[in-house]
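Please open the structure in your viewer and keep the sequence panel beside it. The tour goes from one selection to the next, with a short account of what is found at each stop.

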Amino acid sequence: MAMDAAFIGRAFPLDEPYLVGREKLREFAAAVGEHALVCHDVDAARAAGHSDLVAPVTFTIAVIAAAQDAVLFDPALGLDFSRVVHGEQRFVHHRPIVAGDTLLRTVHIDAIRVAAGNDIISLRTEVTAADGAEVSTAFSTLVSRPA
């Protein structure tokens, strides 16, 4: 196994919070073709009962990317990222992400295994608000193909 199995069960909190800005949400929504008014117009979002603009559901990937990169590119882990393909990505959303949120991220390594010569790592990234409330959980499985 190329990856260090001692990483299984470890948690990696990212010290830098993610500050959700309106323009970032609008740009992301435009990039993914999300035209819902709650993603672009503050008045529409507030009329729908939200405190500010609402993020598209796939925005969570922008929030978790830096946290996962800090773990996956740790040389001690031993993941050959040049050979990685995505095995799985899914989200459980506990509440919408809105502009003005300050989000914290912790990456958990749930599993590392070998199957058919491929190294496989399963990550769970918990996204919480500054007050500790759950916002989203991202589950990722990456497969590093053999050389």
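What follows is a walk through a predicted model, from an annotated span to a helix and then to a single side chain.

Begin by selecting residues 6-137, the span where an unreviewed UniProt entry places the feature "domain: FAS1-like dehydratase". The C-alpha atoms at the two ends of this span lie 23 Å apart, and the span is 23% helix and 37% strand.

Next, select helix α1, residues 22-32, and show its side chains, among which Leu-25, Phe-28 and Ala-29 are buried. These three cover an arc of only 100 degrees around the axis, so they sit on the same side of α1. In general, an α-helix has 3.6 residues a turn, so residues three or four places apart point the same way. Turn to the other side of α1, where Glu-27, Ala-30 and Ala-31 are exposed. If you now add residues 60-72, you will see α3, which is part of what covers the buried residues of α1. Just after α1 comes Gly-33, whose phi is positive, near 75 degrees.

Finally, select Asp-101, which lies in the loop between β2 (84-93) and β3 (102-115). Is Asp-101 buried or exposed? With a relative accessible area of 12%, Asp-101 falls under the 20% limit and therefore counts as buried. Show its neighbours as well: Asp-101 touches residues farther than four places away in sequence, including Tyr-18, Leu-19 and Val-20. The side chains of Asp-101 and Arg-95 are joined by a polar contact of 3.0 Å, while the backbone nitrogen of Val-98 lies 2.9 Å from a polar atom of the Asp-101 side chain.

Methods
Residues are numbered from 1 along each chain as its sequence is written. This is a predicted model: local features need pLDDT of at least 70, side-chain atom pairs count only at pLDDT 80 or more; totals for chains, interfaces and linings use all residues. Side-chain values use heavy atoms; hydrogens and water are left out. UniProt positions are given in the numbering used here, feature names are shortened, and annotations may be inferred rather than shown by experiment. Helices (H or I, at least four residues) and strands (E, at least two) are DSSP runs, numbered from the N terminus. Buried means under 20% relative accessible area, exposed over 50%, partly exposed in between (1.4 Å probe, protein chains only). A polar contact is a pair of N or O atoms within 3.5 Å; within protein, one must be able to donate a hydrogen and the other to accept it, and residues adjacent in sequence count only if both atoms are side-chain atoms. Contact means heavy atoms within 4.5 Å. The arc is that of the directions from the helix axis to the C-beta atoms.
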